[in-house]
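Subject: Structure for your review

Dear colleague,

Please find the structure below, handed over for your examination. My notes on its surface, backbone and internal spaces follow it.

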Amino acid sequence: MFYPMEKTMLFQKSKHTLFVFLFALAGAVQAQAVKLPNVTILATGGTIAGTGATSTTTVGYTAATVGVQALIQAVPEITKVANVSGEQVFQIASENMSNEHWLTLAKRVNVLLSQPNVDGIVITHGTDTLEETAYFLNLVVKSRKPVVVVGSMRPSTALSADGPINLYNAVQLAGSQAAVGRGVLVAMNDQIHAARDVTKSNTTTADTFRTAELGMVGYLQGGKPFFYRDVTRKHTVETEFDVSKLDVLPQVDVAYAYANVGDVAVKALVAAGAKGLVHAGVGNGSLPAKTKPALVAAREKGVVIVRSARVGQGIVARNGEANDDQLDFVVSDTLSPQKARILLMLALTKTSDTKDIQRMFYTY
């Protein structure tokens, strides 16, 4: 039996206990709500890290002069959307990107993504070969976590620099659950593109990255990604390629076709040690009469030949402009010559069988 005073004390104690519980619960809910993803920015140089002589210099600037920490500090808003850390992997203009750079970058990405405290990766990159790096990573990254490649068309010192907003968007995208499992993405000009299909389409304008016929996969607006289509070709964890123990990639080169082209380029590339050759043919990957004998001879020496097209869009039809079955050639499907080269390099780390390589071109 409780006396009035004891009842009052018990009631007050219960109220205090309830208040402490509710306060702690509210704090836990708030902490959950503001928990930010952990995004690592890997910087490789490029225009996004470039500087010009004046604020109106948008061509003729110097690429790859600004370090990763300066890039992060220039966009303080990203600290509100992610816990960001940065590493300077390279500091180069992207026309100097090499196979060795790709292997180093891919290995670092895979190490980072294997860590539970890394939710996504952003790679800052020059735009000249950005699409190639993105596709290479799309084939060799072994994680479903987002990897976003980003650059800019104007240097950091320009009045209209597009690097800061592109970087902010890329960090948002890399930390988003909506981007998980979608392969390597390219975030430029408020748009989201798939690594396999995107290409640089203009020499200088900010809207240069396009996926002309197949279409971009989404937009970035208001700090959120909006996806409208999926990528159906296999990528990342679904591929058969593993570069973890590779220090070099097979030599694969591209021979470009044009009116009156001869066989000099093909012969020179084969003599220089090419294990594979992508022929960037006219039209539907046509083989000019002066070039075809050199390609046939190269195949007879064991060089794998991929018929691609310089036109930029469309499927290169197998047994269309050439009898690929008889010649033992491979066709590139919809891959551009520069991306066909990447897939052929990786394919040659697995096999030299052209039927199996053709399967890869229809898979990835």
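In which loop is Tyr228 found? Tyr228 sits in the loop that runs between strand E10 (224–227) and E11. Please bear in mind throughout that this is a predicted model.

Surface patch

Tyr228 has a relative accessible area of 62%, and because exposed means over 50%, this residue counts as exposed. Together with Tyr219 and Phe226, Tyr228 forms a nonpolar patch on the surface. The accessible area of these three residues together is about 350 Å².

Backbone

Most residues other than glycine have a negative phi. Two exceptions deserve a mention here.

Ala64 is not a glycine, yet its phi is positive, at about 60°. The residue lies in the loop between strand E1 (38–45) and helix H2 (68–73). Its relative accessibility is 14%, and because the limit for a buried residue is under 20%, Ala64 counts as buried.

Asn260 likewise is a residue other than glycine with a positive phi, in this case near 70°. Its place is in the loop that links strand E11 (252–256) and helix H6 (264–271). Whereas Ala64 is buried, Asn260 is exposed, with a relative accessible area of 62%.

Pockets

The largest pocket has a volume of about 300 Å³. Its lining consists of 19 residues, and those nearest the centre are Asp197, Gly312, Gln313, Thr334 and Ser336. Helix H9 (residues 337–348) contributes the most to this lining, with three residues. By class, the lining of the largest pocket comprises five nonpolar, eight polar and six charged residues.

The second largest pocket has a volume of about 250 Å³. It is lined by 19 residues, with Thr47, Tyr61, Thr127, Asp128 and Lys200 nearest its centre. The lining of the second largest pocket divides into five nonpolar, ten polar and four charged residues.

Cavities

Turning to the enclosed spaces, the count is two cavities of 30 Å³ or more.

The largest cavity holds about 60 Å³ of space. Its lining is made up of Ser308, Ala309, Val311, Gly312, Gln313, Gly314, Val316, Ser332, Thr334, Leu335, Ser336 and Pro337. Gly312, Gln313, Thr334 and Ser336, which are among the residues nearest the centre of the largest pocket, thus appear in the lining of the largest cavity as well. The classes in this cavity lining are five nonpolar and seven polar, with no charged residues, whereas the lining of the largest pocket includes six charged residues.

The second largest cavity has a volume of about 40 Å³. The residues that line it are Ala255, Tyr256, Ala257, Val261, Gly262, Ala265, Val266, His279 and Thr291. E11 and H6 are the elements that give two or more residues to this lining. These are the two elements on either side of the loop that holds Asn260. In the lining of the second largest cavity, six residues are nonpolar, three are polar and none is charged.

For your own inspection, the loops that hold Ala64, Asn260 and Tyr228 may serve as starting points, followed by the pockets and cavities described above.

With kind regards

Notes:
Residues numbered from 1 in each chain as written. Predicted model: local features only at pLDDT ≥ 70, side-chain atom pairs only at ≥ 80, totals over all residues. Heavy atoms only, no water. 1 Å grid on protein atoms, 1.4 Å probe; cavity = no way out; pocket = protein on both sides within 12 Å on 5 of 7 lines; lining within 4 Å. Points joined across faces, edges and corners; volume = space filled by probe spheres on them. Helix = DSSP H or I, 4+ residues; strand = E, 2+ residues; numbered from the N terminus. Nonpolar A, V, L, I, M, F, W, Y, C, P; charged D, E, K, R; others polar. Buried < 20%, exposed > 50% of the residue type's maximum accessible area, 1.4 Å probe, protein only. Patch = residues over 30% accessible without salt bridge, like charges linked within 9 Å, V, L, I, M, F, W, Y side chains within 5 Å. Areas by Shrake-Rupley, 256 points an atom, 1.4 Å probe, with all protein chains shown as cover. Salt bridge = Lys/Arg side-chain N within 4 Å of Asp/Glu carboxyl O.
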